[in-house]
Amino acid sequence: MYDAFLKKERENIKRKMEEINKKQMYYLLISTIFHQSQNTNTTLQNSLKLVEELEKKNYVCTERELTDLFYKQGIKHRFSNKMIDYLDSTFDTLKYDFKDINNVFQVTNFIELKNNLLKFKGIGEHKAQICILKYMILQGKSIDIDDYDQMLNNCCSLDETLFREIEIIKKLSNKNTI
């Protein structure tokens with residue numbers, strides 16, 4: 001009986017996963033990396049701008065192209081060179097460890113998702129928890145208020161912008177599936 005439950009739960013997760021498109025997954029990953037020593041509103045704007053530029057390149061970008069995006073296309077970050085390094089590393093991690101971004105998020109539980117996120121340069125425990133929180137909200141999972149507070153870990157700026165960011169991610173959907 002438990003095996004049947006697990007199988008059904010995996011199918012539900014996979015179905016929900018399919019409802020979140022590639023652009024949304026890239027936004028989740030990039031905005032998670034970008035949330036570092038920077039105004040949250042700037043992070044939201046630049047994450048969106050970068051994802052839109054990456055979509056034009058079919059989500060494949062060299063370090064040189066990333067540098068051009070930051071310095072010629074006006075994607076801003078307080079630590080641009082560090083972000084370019086993190087993003088270049090992200091593309092390598094996606095290519096060699098996951099083969100595709102779907103494999104980062106296509107998990108059977110949130111511990112597995114956290115472990116996947118921790119493989120990316122620039123994502124530590126706190127950032128992984130924030131990404132999981134966003135993902136849980138997008139999945140329609142209920143969140144205990146104590147878990148919510150613990151995940152935010154006194155991150156006031158995120159508390160103010162979390163649901164605005166969820167709306168941005170929802171708008172990235174090609175179809176209204178979320």
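These questions and answers look at helix 2 and its contacts in a predicted model.

Reader: What is the mean pLDDT of the protein chain?
Author: The model is predicted, and confidence varies along the chain. Of its residues, 77% reach 70 or more. Over residues 13-18 the pLDDT is below 50, and this stretch has 10 contacts beyond near neighbours in sequence. Where pLDDT is low, the predicted coordinates should not be read in detail. For the protein chain, the mean pLDDT is 82.

Reader: Is helix 2 oblique or roughly perpendicular to helix 3?
Author: Helix 2 covers residues 22-34 and helix 3 covers residues 40-56. Their axes lie 9 Å apart, at an angle of about 135°. Roughly perpendicular would need 65 to 115 degrees, and roughly antiparallel would need over 145. Helix 2 is therefore oblique to helix 3.

Reader: How many charged residues are in the contact of helix 2 with helix 3?
Author: Helix 2 brings Lys23, Tyr26, Tyr27, Ile30, Ser31 and Phe34. Among the helix 3 partners are Glu52 and Glu55. By class, the contact has nine nonpolar and four polar residues, and the charged ones number three.

Reader: Which residue of the loop between helix 3 and helix 4 pairs with Tyr26?
Author: The structure holds five aromatic pairs. One of them includes Tyr26 of helix 2 and is stacked, with 10° between the planes and 4.1 Å centre to centre. Planes under 30 degrees apart count as stacked. The pair links distant parts of the chain, 33 residues apart, and the partner in the loop is Tyr59.

Reader: How many polar residues are in the contact of helix 2 with helix 5?
Author: Helix 2 and helix 5 (residues 80-98) pack at about 140°, with axes 10 Å apart. From helix 2 come Tyr26, Leu29, Ile30, Ile33 and Phe34; from helix 5 come Met83, Tyr86, Leu87, Thr90, Phe91 and Leu94. The contact has 10 nonpolar residues and no charged ones. Thr counts as polar, and the polar count is one.

Reader: Which residues of helix 8 meet helix 2?
Author: Helix 8 spans residues 125-139, and its axis comes within 9 Å of that of helix 2, crossing at roughly 145°. By class, the contact has five nonpolar, two polar and two charged residues. Helix 2 supplies Leu28, Ser31, Thr32 and Ile33; helix 8 supplies Lys127, Cys131, Lys134, Tyr135 and Leu138.

Reader: Is the crossing of helix 2 with helix 8 left-handed or right-handed?
Author: Helix 2 crosses helix 3 in a right-handed way. The crossing with helix 5 is right-handed. With helix 8, the crossing is right-handed.

Technical notes:
Residues are numbered from 1 along each chain as its sequence is written. This is a predicted model: local features need pLDDT of at least 70, side-chain atom pairs count only at pLDDT 80 or more; totals for chains, interfaces and linings use all residues. Side-chain values use heavy atoms; hydrogens and water are left out. Axes are lines fitted to C-alpha atoms, for helices over the stretch in contact, and angles run from 0 to 180 degrees between N-to-C directions. Helices (H or I, at least four residues) and strands (E, at least two) are DSSP runs, numbered from the N terminus. Angles under 35 degrees count as roughly parallel, over 145 as roughly antiparallel, 65 to 115 as roughly perpendicular and the rest as oblique. A crossing is left-handed if the near helix is turned anticlockwise from the far one by less than a right angle, and right-handed if clockwise. Contact means heavy atoms within 4.5 Å. pLDDT is the predictor's confidence in each residue, from 0 to 100. Rings of Phe, Tyr and Trp (its six-membered ring) pair if their centres lie within 6.5 Å; planes under 30 degrees apart count as stacked, over 60 as edge-to-face and the rest as tilted.
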